[in-house]
Amino acid sequence: MGVADLDLDLDPDGASGPDPGGRPHVLSLTPAPGGPPLRAGAVFALVRLRGRPAATVLTTVPDGADPAAVLVTAFLARFGKRDQRPPGTGTLTGTPPRTTVVVATRERADRLGRALDSLLAQDHPDFRVVVVDNAPVTTATRELVDDCYAGRVTYVHEPVPGLAVAHNRGVAATDSPVVAFTDDDVVADPRWLSALTTPFAADPRTGCVTGLILPARLTTPAQVLLESHGGFAKGFVPRLHDPAAPPADDPLFPFTAGSFGSGANMAFRVSALRAVGGFDPATGTGTPARGGDDLYAFVRILTAGHRLRYTPDALVWHHHRETWQDLRDQAYGYGAGLTAYLTAVLCRDPSLLPSLLAKLPRGLAHARAITAHRPGETGTDGTGVGAPGAHGTHGHPWPRSLSRLERRGMLYGPLGYARARWGRR
């Protein structure tokens with residue numbers, strides 16, 4: 001399946017009104033960064049409106065057809081000729097603050113270079129990049145930074161394994177008011193860092209900002225299956241999570257941290273992150289807890305009284321894991337990380353226990369829902385409706401086997417966190 005990046009101008013002639021004439025003007029159509037050239041067959045596309053991410057569409061490009069024309073038709077059929085952003089959800093304005101970008105990595109120098117190239121091409125006016133080499137067994141990462149990025153990227157060695165430990169090491173190396181985090185398997189959009197950090201300048205109560213994550217490739221069944229389950233994307237509508245005004249439609253707030261964003265695309269006000277003790281080193285990939293370091297930080301920021309914002313304008317393209325076993329490991333890790341982070345939050349701040357217990361029944365129902373088996377919807381063209389699905393040897397968007405693995409991971413999470421804390425002692 002191809003992945004495309006389509007930029008449109010919905011009103012190229014300056015027309016206005018509910019039904020302006022003429023088709024949208026195609027400003028650009030390219031493959032996703034690092035992806036294969038577009039060809040006939042199924043195509044999953046990001047649609048931008050004059051540069052701003054607005055929606056995704058999934059369609060099939062027939063042999064000999066113009067991919068741009070087919071994608072425009074699919075977009076209009078699904079959304080109509082209108083801006084997708086509701087009124088009042090525009091981007092905050094201001095000068096992006098000085099920022100440190102931290103990339104934690106371990107033995108993936110072949111992927112890291114692609115990420116660093118995209119980070120050094122950012123339009124942000126004042127930033128630096130720090131690579132944290134986490135428990136390396138070779139010198140490949142140091143050699144890559146020294147040979148190809150000397151003077152442009154700072155190398156930091158962290159001997160203790162664990163993503164949260166690596167992130168804390170990056171925070172310690174930060175000399176800026178804002179720190180941003182991304183992964184070594186992403187390609188950042190040129191405006192990513194500016195969009196991710198501007199909210200800190202516009203709103204002094206903002207403690208954390210997260211952004212949009214889309215797939216760079218959908219070439220294997222496992223990659224398609226993950227994206228059909230929702231992937232890492234949190235939608236195209238900016239959202240504000242404010243502990244002073246809990247959302248009425250989220251009775252589990254702030255414990256539904258998975259809806260706030262993901263660790264591959266997040267930034268923090270450094271003073272706020274340090275005030276809550278940073279990331280819990282007994283969480284995250286590379287520890288027995290298997291994950292949850294980002295979710296822990298989100299909840300700690302919110303419970304400390306800071307706002308968390310999600311902005312889809314801050315876009316990174318993520319290279320999903322490729323094999324079925326990778327996806328099985330990821331499903332188990334999601335479940336383990338979810339309950340591990342909840343355990344960590346309660347251990348670090350026991351005063352949150354009454355609130356969590358009051359929300360526990362709804363929380364269990366929510367956990368069952370997010371780990372449920374989902375048979376795929378199929379459109380008239382044979383592709384999944386709204387997102388990739390029903391492809392490959394595993395013929396539905398979220399098989400029961402993966403649901404069971406997520407739930408087993410949830411049962412294991414508290415034990416994994418306890419093992420990680422004991423190991424650190």
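**View 1. Looking for disulfides in this predicted model turns up 0 of them.** The model here is predicted, not taken from an experiment. If the term is new to you, a disulfide is a covalent bond between the sulfur atoms of two cysteines. Two cysteines are good ones to pick out. Cys208 counts as buried because its relative accessibility is 0%, and buried means under 20%. Cys347 is partly exposed, with a relative accessible area of 40%.

**View 2. The whole protein chain has 12 helices and 13 strands.** Of its 425 residues, 51% are buried. Look at the contacts with a separation of 6 or more, and 78% of them come from residues 24 or more positions apart. The chain exposes about 17,700 Å², and carbon and sulfur atoms supply 54% of that.

**View 3. Strand β3 has a strand partner in β1 and another in β4.** With β1 (residues 2–9), β3 pairs in the parallel sense over 7 bridges. One spot to find in that pairing is Leu6, whose bridge partner in β3 is Val47. With β4, the strands run antiparallel and 9 bridges join them. Here, Val43 has Thr59 in β4 as its bridge partner. Since 7 of the 9 residues of β3 are buried, this strand is largely enclosed by the rest of the structure.

**View 4. Arg50 sits at the turn of a hairpin made by β3 and β4.** There are 2 residues between the two strands, and Arg50 is found in that loop. What sign does the phi of Arg50 have? It is positive, near 50°, in a residue other than glycine. That's worth a second look, because most residues other than glycine have a negative phi. Arg50 also counts as exposed, at 60% relative accessibility.

**View 5. Arg290 is another non-glycine residue with a positive phi, about 75°.** You'll find Arg290 in the loop between α7 (270–275) and α8. Arg290 is partly exposed, with a relative accessible area of 33%.

**View 6. Strands β6 and β7, with helix α3, make a right-handed β-α-β unit.** Follow the chain from β6 (residues 127–134), through helix α3 (residues 140–148), to β7 (residues 153–158). The two strands pair in the parallel sense over 6 bridges. To find one of these, start at Val129 and look for Val153, its bridge partner in β7.

**View 7. The largest nonpolar core holds 42 residues.** Those with the most contacts inside this core are Phe181, Phe268, Leu273, Phe279, Phe298 and Tyr341. Helix α8 (residues 293–303) gives the largest share, 7 residues. Apart from this core lies another one, of 39 residues, including Leu112, Tyr149, Ala180 and Ile213.

**View 8. Zooming in on Phe268 shows what this core residue touches.** Leaving aside neighbours within four places in sequence, its contacts include other phenylalanines: Phe181, Phe200, Phe279 and Phe298. Cys208, the buried cysteine from the opening view, is on the contact list of Phe268 too. Also on that list are Pro177, Val178, Leu273 and Ile301, among others.

**View 9. Helix α6 (residues 221–228) is a helix with buried residues almost throughout: 7 of its 8.** That count is why α6 is described as largely enclosed by the rest of the structure. Among the buried residues are Gln223, Leu225 and Glu227. What covers them? The cover includes β3 (41–49), β10 (206–215), α9 (324–348) and α12 (400–424).

**View 10. Asp183 and Asp189 are two aspartates to find along the chain.** Asp183 is in strand β8 (residues 178–183). Its C-alpha atom is 7.9 Å from that of Asn265, although the two residues are 82 apart along the chain. Not counting residues up to four places away in sequence, Asp183 touches Val103, Ala115, Gly263 and Ala264. Asp189 lies in the loop between β9 (186–188) and α5 (192–202). Is Asp189 buried or exposed? At 11% relative accessibility, Asp189 counts as buried. With the same kind of sequence neighbours left out, it touches Arg48, Gln122, Leu315 and Trp317.

**View 11. Phe253 and Pro254 are joined by a cis peptide bond.** Omega is about 5° here. Most peptide bonds are trans. Pro254 lies in the loop between β11 (239–241) and β12 (265–269).

Conventions
Residues are numbered from 1 along each chain as its sequence is written. This is a predicted model: local features need pLDDT of at least 70, side-chain atom pairs count only at pLDDT 80 or more; totals for chains, interfaces and linings use all residues. Side-chain values use heavy atoms; hydrogens and water are left out. Helices (H or I, at least four residues) and strands (E, at least two) are DSSP runs, numbered from the N terminus. Buried means under 20% relative accessible area, exposed over 50%, partly exposed in between (1.4 Å probe, protein chains only). Contact means heavy atoms within 4.5 Å. Accessible areas come from the Shrake-Rupley method with a 1.4 Å probe; for residues, only the protein chains shown count as cover. A disulfide is a pair of cysteine sulfur atoms within 2.5 Å. Two strands pair if DSSP finds at least two bridges between them. A crossover is right-handed if, with the strands pointing away from the viewer, the path from the first strand over the helix to the second runs clockwise. A nonpolar core is a set of buried Ala, Val, Leu, Ile, Met, Phe, Trp, Tyr and Cys residues joined through side-chain atoms within 4.5 Å.
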